[in-house]
Amino acid sequence: MQVLKKTLMITTVCCFALTACKKSVIEESNRLANAFADKFLIGTAMNSLQIFDLDTLGTDIIKKQFNAIVPENCMKSMYLQPEEGKFFFDEADKYVAFGEANNLWITGHCLVWHSQAPRWLFADENGNDVSRETLIERMRNHITTVVSRYKGRIKGWDVVNEAIMDDGSWRQSKFYQIIGEDFINLAFQFAHEADPDAELYYNDYSTAIEAKCQGIVNVVKSIQAKGLRIDAVGMQGHLNMDSPTVEEFEKSLLAFADLGVKVMVTELDLTVLPGFNNFTGADVSANFDFKAELDPYSDSLPDQVALEQQNRYVDFFKLFLKHHDKISRVTLWGVTDNDSWRNGWPVPGRTDYALLFDRNYQPKPVVAELIKLTKQY
Ligand code: G3I
């Protein structure tokens, strides 16, 4: 009888262990990071609630599904250095600590950007534009202070963000107007001096527009011609349902790869909301009045629209997988639909469904489709 009891107990324990193991294997196989492990890093932007551990359902998804993170906002210069010489690193420190604790690839975003820069950066005591020398010194100090702090911990930096317009011309930012074209080379130089091992990126939206792509190609060539380090071009990937085409995106992807740099898709999301007067891009300053007709899915997303979005996500991931040798990272610009900046841009107060996880923190069917897709490449 004793032998029988022991055998029964051992069998039960084994069954539990097997079930747990099988569950773990299924869970592991359902992780985006595992599915794409031999292709490219797959990551997400982290918002303040997640960084301060106030959205534990969101951070659970990050830990389970992704292997790379980018800070959505906390490392922008207006937050890190709101006043000259006064740095606030609390949130950025927590962001980096989260990445290290979870063995994630940690990217810094972004050192030089025309938007979200503190006013003092460009102004003298009378409110006039500072001299070229002063702005260069202020840019150097910001970059050096920030990059040095996370030396060896932040593995890559969006050094310059959105310096080129859709027609390929220079954005008339204060950086450009006061310093000139060379501000980009200087930014990359300062970042490299502060952490010689960090990867350095140029990042922009609407990169599938041919003229803009050429403008960015010229920027990269300028950086390379100076003998400065640039590792990759970030194609933000803020997609609409009808633009850009996969072919247009691929053409720019290949143009950047031909420069001998890696390509990253850095801020991927796919709005299902109607555009208007051909408005595209991701210029954060764009803002239009709310109209009910611009917010057709405020209650829920029709199955047909969800399927069309799923198919378009699959089409773009087929492109990414086709060129996985040129792509080092694909990052979603947020975890769940509720996190997405597209709920409020370019029209405030709308309900979008732009990401891979829904408002109940559940993976949309597209996640399983993407995992399945990786087995075909
Ligand atoms: O945290 C404050 C909150 O305290 C305040 O009550 C509220 C209302 O003013 O503002 C909150 O800050 C907002 C912040 O997002 C956090 O939600 C800022 O106003 C708002 O401007 C900021 O928007 C961010 C935007 O960049 C501008 O920095 C978006 O979340 C972020 O997704 C977006 O991301 C950019 C990339 O950095 C660069 N590429 C384009 C992309 C989309 O614009």
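**Group meeting: a walk through the predicted model**

At 3% relative accessibility, Val 219 counts as buried, and I would like to begin with this residue, in what I should say at once is a predicted model. Val 219 is found in helix H10, and, if we leave aside its neighbours within four places in sequence, it is in contact with Ile 164, Trp 170, Ile 184 and Tyr 202. One of these partners, Ile 164, is 55 residues away from Val 219 in sequence, while the two C-alpha atoms are 8.7 Å apart in space.

Another of those partners, Ile 184, takes us to helix H9, where Ile 184 is among the buried residues. Helix H9 runs from residue 182 to residue 194, which makes 13 residues, and from its first C-alpha to its last it reaches 18 Å, close to the 18 Å expected at 1.5 Å a residue. Which residues of H9 are buried? They are Phe 183, Ile 184, Asn 185, Leu 186, Ala 187, Phe 188, Phe 190, Ala 191 and Ala 194. As for what they pack against, the buried residues of H9 meet three strands and three helices, namely strand S3 (105-113), strand S4 (156-161), strand S5 (199-204), helix H7 (132-149), helix H8 (174-179) and helix H10 (210-225).

Let me turn now to the ligand. There are 16 residues around it, and the closest are Glu 72, Lys 76, His 109, Glu 162 and Glu 267. By character, the residues of this shell divide into 6 nonpolar, 6 polar and 4 charged. Several polar approaches can be pointed out on the structure: a polar side-chain atom of Asn 73 lies 3.0 Å from an oxygen atom of the ligand, and an N or O atom in the side chain of Trp 333 is 2.9 Å from an oxygen atom of the ligand. With Gln 236 the ligand atom is a nitrogen, and a polar side-chain atom of that residue lies 3.2 Å from it. On its own the ligand has 780 Å² of accessible area, of which the protein covers 53%.

Gln 236 deserves a second look. Is it buried or exposed? At 1% relative accessibility, Gln 236 counts as buried, because the cut-off for that word is under 20%. Gln 236 is found in the loop between strand S6 (232-235) and strand S7, and its side chain is joined to the side chain of Asn 161 by a polar contact of 3.3 Å. Beyond its neighbours within four places in sequence, Gln 236 is in contact with a list of residues that includes Asn 161, Glu 162, Asn 203, Asp 204, Tyr 205 and Glu 267; of these, Glu 162 and Glu 267 have already been named among the residues closest to the ligand.

Next, some backbone details. Most residues other than glycine have a negative phi, and most peptide bonds are trans. With that in mind, a cis peptide bond joins His 109 and Cys 110, with omega at about -5°, and Cys 110 has its place in strand S3. The peptide bond from Ser 243 to Pro 244 is also cis, with omega near -5°, and Pro 244 lies in the loop between strand S7 (238-239) and helix H11 (246-257).

Turning to phi, the value for Asp 53 is near 60°, which is positive in a residue other than glycine. Asp 53 lies in the loop between helix H3 (48-51) and helix H4 (56-65), and it is partly exposed, with a relative accessible area of 47%. Ser 206, not a glycine either, has a positive phi of about 50°, and its place is in the loop between S5 and H10. At 18% relative accessibility, Ser 206 counts as buried.

I will finish with Asp 129, whose place is in the loop between S3 and H7. At 40% relative accessibility, Asp 129 counts as partly exposed. Which side chain does Asp 129 join in a polar contact of 2.9 Å? It is that of Lys 174, and Lys 174 also appears, with Phe 122, Asp 124 and Ile 178, among the contacts of Asp 129 once neighbours within four places in sequence are left aside. Asp 129 and Ser 252, by comparison, are 123 residues apart in sequence and 36 Å apart in space, C-alpha to C-alpha.

Definitions and conventions
Residues numbered from 1 in each chain as written. Predicted model: local features only at pLDDT ≥ 70, side-chain atom pairs only at ≥ 80, totals over all residues. Heavy atoms only, no water. Near = heavy atom within 4 Å. Polar contact = N/O pair within 3.5 Å; in protein donor to acceptor, adjacent residues only side chain to side chain. Areas by Shrake-Rupley, 256 points an atom, 1.4 Å probe, with all protein chains shown as cover. Nonpolar A, V, L, I, M, F, W, Y, C, P; charged D, E, K, R; others polar. Helix = DSSP H or I, 4+ residues; strand = E, 2+ residues; numbered from the N terminus. Expected span 1.5 Å × (residues − 1). Buried < 20%, exposed > 50% of the residue type's maximum accessible area, 1.4 Å probe, protein only. Contact = heavy atoms within 4.5 Å.
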